[in-house]
Amino acid sequence: MSWFKKYSFLLFFLIAAVNMASSAPKKNTARDLFKSYPQRFQEIHSAALTDALAADFSSAISQFTKTEKNKTDVFGILQSEASEVSVKAAAPYIEKIKSLIKDYEALQANLQIQKEVSGDYNITDLTEKLKKISSVRNQVYEAGISVSKIDSSVYIRHLSASINGVPEAEYSGICGVMDCQFDYILKSALNPLEKKALDCTRNIKHNFSSENIFTQFDSEKVTDAVSKLNVHIEQCKKINSLSSLIKKSETEYEKQMNMTEQLLSDVNLLSEIIQKIKASLNLTVKKPEDIKLSLRTRNDAYSDTLVKNAEALFTYGKTVSSIKSSQDLITLKNLNGRTEFISELTDSISSACSEIERISTSGSINLWIETARYYAEAASLITSEDEGITAVLNSYINETEETKYAGKCKTECANALQSFTTDIQILSDGIKKLNAGYGYRTNFISEQRSIEESIKKISGLQEEIHTISKTAEKKYLTAKIAENSVTVLFDKAYELYKKNDFIEAFNQYQKADALYNSLEAELKNDGDLRNDLYQKLTKLKQDIIDGEKPLFVIQQRKYKTDARRAYDSGNFENAFYILSQAEEKRRLWSKMMDYELESDMELERLKDFVNTAIAIKEGREISRYDSKSPEILQNLADAQMNFKKGEILFKEGKKNEAVPYLETAEEKIQLVKNFYPRNKDAGLLRLKIDQLTDKESFDATFPEKIERLKAEIKSSDISSQQAYSDLLDMYEINPAYPGLKKIITEAEYTLGYRQRPANNSQIKKASELSQQAQKALNEAGRDEILLEHARSLANQALAFNSDDNTAIKVLDEIARRRGEKPAVILSAADEDLYQKALKDYRDGNLADARIKLNRLLENKNNSLSAKIIRLKENVERKLNG
């Protein structure tokens, strides 16, 4: 058996599959291909084609020259029916073809082609062998063409068909058998190359499988397989190019190879895309901890990266889609008879494209969804924050709030409007980014609508901010007008303070403070402005106090000295006035410091002396301020007039006539004494009546009366003052009475009307105590306990000797040191709470006032505030009364 028969099975299936696929479904035999031709034509051609397809080319070619009993060879078919001209014209060509057949048959013994170590055919040897076959074949083909041109007779047409074959059957005819062997040899040379190509293709297929493409994809192996596959294809094309030896144009095989080469460039592109998709899918981008800050600072690498990769995945998908729909791939996939490696390659590429497209689309969608969720979350956070800002701004001027902050609201409204504009731009930019993924919008439409809704909300908030800003402007103006009104008075107080007129400065400050409190409702439109004004007022008050502190002790000492001098000179009213000034100054100082001053024992003693003297003096004289003074003075004048008339009559010896006048005088005197029991004029007038009517008895009882009055002076009740007044009257009647002046002086000491001069013993004792006080003061510093001890010793010394200069200096120094104790100044909030408690008290809301005062007194500093303590006492008194 020749080597052709060795591969006959391969050729049969190859040719049957590739070139006779159209007949395969109908299961046609070779003879069926020639059924429209004469019987002998059918027999020869079907036998030749069968042998050729079985790779028995010697038998196949012999079928054309073989003659049998009563049967002609292929050249004699229909010859008997042909014209002589036709037969004669064809004869030379028939002879030539028969000769060529013999040459062809001679070649069969030497067509074994050499192989390389790799198993591939030796291209040189292959070329040489195929050239020999093609040389014979081409001459046969040319002869057949010449025959076909002789005429159009049936004989010539059948003869031409026997030489070059019939259209219905490839590899038919003499030339067809030679073509079949040519292709068979060519295919045999291509087979090992195509097997190698198949191995490379399967490597690609393995990496392109859905199980491996994004998990175990090896780009290096794919690149290597593509490189080798290109080499194999080039080798196949080179071998296949030998087809030109039999005058074929570009073969279908070559077209397949050319398109396959183009697909291999797509394989490389797919490999790159797979790597990029894996990088995009495996990319880890840290989401910002503060989304709002990231977006507002335009440092949004997160969403930029998401969008960039989403767009890249979309592009990869589009690229892969174009590869999948490329004309070359579609053509090769739909091509009948494609080689196995091309079949597997196209299937691999198609499935890989589908998987890549699916993954890239899915990845892109996921990234767009993540981007949309990121912006939706940001939109929610930003909107929530902006709503919070709006709520805060609204709270600054909310009518339900007692204190508003219009100025701050104005400023922050402007900032908020700018910030909200930025937020809207940020979210609008997010929408623009998402629009780039419009094709996948159905997957994140809810998030996008959420972002759009947030933009609308923030726009609405901007409108609300505009309204708030306008309201704040009005309220701020109201507060500013009120502040300016208080500032006018503040400035006056400050100018007086700069001139060291601290008392008048404080008075002006009080006016400013009172106006501040009266304009509290207007000022509360701007808490910051109100607080600043309160701090200004508070500082001015403290500055005034600091300026007045050094003067207070000096002024108090001057008041005491001047009052003592006035008292000693008998000018009790002036002494009282001076002491009243001292008291007023202490009251003012207490108000400045807002705490109760400790009792000044020295001042209290002076006041007692002065008050006693004035009380006695006021009892002996009729006050012009008394509403009944006109009536009393008239009674006194009537008494004096009647006394004088009675006195004249009595001295004339007309006692009986004098009695009615004197009795009337007594009645009038009693009317005066009903209101002024110790009245000097009334008392003297009564004594004069007694002395006039019974001088002997009057003189006799005068000493007894003095002794009785002396005794009454020592009693603690009101009779002691009456006794002292009577002694003065008696002194007026008889100033020369022995010892009466001394008795009156002793009475004044007893009554506290005059301070008894210190004796030597008292002076010594006072000196000892004052020295102890001085020592205690030197050791005290500002220790309250030690200062109080020194103060007690100094007061004891003055009790013994009111002129002890050391004790006076000690008391002044203690007052100076204690005067450095800081004033009680309420905070703005506590002052506000105090004013509310005061209003509650005035409105009769005592329980509410008590609650507010108790809250104030929780602060230790506030527990020293005199005004809080006084208000608390008033509240408690009313609640308990």
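This presentation covers aromatic contacts, cysteines, backbone outliers and salt bridges in one predicted model.

Good morning, colleagues. I begin with the salt bridges. As general background, side chains of opposite charge can pair when their charged atoms come close. In this model the total stands at 53 salt bridges, and I shall take three of them individually before turning to a network.

The first joins Asp 125 to Lys 129, with 2.5 Å between the closest N and O atoms. Both residues belong to helix H6, which spans residues 123–148. They are four residues apart, about one turn of the helix. Are these two residues buried or exposed? Asp 125 and Lys 129 are both buried.

The second pair is Asp 423 with Arg 296, where the closest N and O atoms are 2.9 Å apart. Here the partners come from two helices: Asp 423 sits in helix H15, residues 406–435, and Arg 296 in helix H11, so the salt bridge ties together parts that are 127 residues apart in sequence. The two ends also differ in exposure. Asp 423 has a relative accessible area of 1% and is buried, whereas Arg 296, at 26%, counts as partly exposed.

The third pair is Glu 548 and Lys 585, whose side chains meet at 3.1 Å, N to O. This pair too links distant parts of the chain, with Glu 548 in helix H19, residues 527–568, and Lys 585 in helix H20, residues 572–593. The separation in sequence is 37 residues. Glu 548 is buried at a relative accessible area of 2%, and Lys 585 counts as buried at 8%.

Beyond individual pairs, which residues are joined into one network by salt bridges that share partners? They are Glu 402, Glu 520, Lys 524, Arg 530, Asp 832 and Lys 836.

I turn now to the aromatic residues. Searching the whole structure yields 16 aromatic pairs. One of them is formed by Tyr 37 and Phe 41: the ring centres are 4.6 Å apart and the planes meet at 20°, so the pair is classed as stacked, the cut-off for stacking being under 30 degrees. Tyr 37 is buried, with 17% relative accessible area, and Phe 41 is buried at 0%.

What geometry does the pair of Tyr 374 and Tyr 375 adopt? This pair is edge-to-face, with 5.5 Å from centre to centre and 80° between the planes. Tyr 374 and Tyr 375 are both buried.

There is also a cluster, in which ring pairs link Phe 490, Tyr 494, Tyr 497 and Phe 502. One member of that cluster, Phe 490, has a charged neighbour as well: Lys 536 lies over the face of the Phe 490 ring, 4.7 Å from its centre. A second arrangement of this kind involves Arg 137, which lies over the face of Tyr 141 at 4.9 Å from the ring centre.

Next, the cysteines. How many disulfides does a search of the whole structure find? The number is zero. Cys 175, for instance, is in no disulfide, and the nearest cysteine sulfur, belonging to Cys 180, is 12 Å away. Cys 175 is buried, with a relative accessible area of 2%.

Cys 409 deserves a separate word. Why is Cys 409 not bonded to Cys 413, which holds the closest cysteine sulfur? The two sulfurs are 3.8 Å apart, which is too far for a bond, since a disulfide requires the sulfur atoms to be within 2.5 Å. Cys 409 counts as buried, at 0% relative accessibility.

Finally, the backbone. Most residues other than glycine have a negative phi. Against that background, I draw attention to two residues.

Leu 78 is not a glycine, yet has a positive phi of about 65°. Leu 78 is located in the loop between helix H4, residues 57–62, and helix H5, residues 84–107. This leucine is buried, with a relative accessible area of 18%.

Arg 298, likewise not a glycine, has a positive phi of about 55°. Where is Arg 298 placed? Arg 298 lies in the loop between helix H11, residues 291–296, and helix H12, residues 301–324. Helix H11 has appeared already in this talk, as the helix that holds Arg 296, the salt-bridge partner of Asp 423.

Thank you for your attention.

Key:
Residues are numbered from 1 along each chain as its sequence is written. This is a predicted model: local features need pLDDT of at least 70, side-chain atom pairs count only at pLDDT 80 or more; totals for chains, interfaces and linings use all residues. Side-chain values use heavy atoms; hydrogens and water are left out. Rings of Phe, Tyr and Trp (its six-membered ring) pair if their centres lie within 6.5 Å; planes under 30 degrees apart count as stacked, over 60 as edge-to-face and the rest as tilted. Buried means under 20% relative accessible area, exposed over 50%, partly exposed in between (1.4 Å probe, protein chains only). A charge sits over a ring if NZ of Lys or CZ of Arg is within 6 Å of the ring centre and within 35 degrees of the ring normal. A salt bridge is a side-chain nitrogen of Lys or Arg within 4 Å of a carboxyl oxygen of Asp or Glu.
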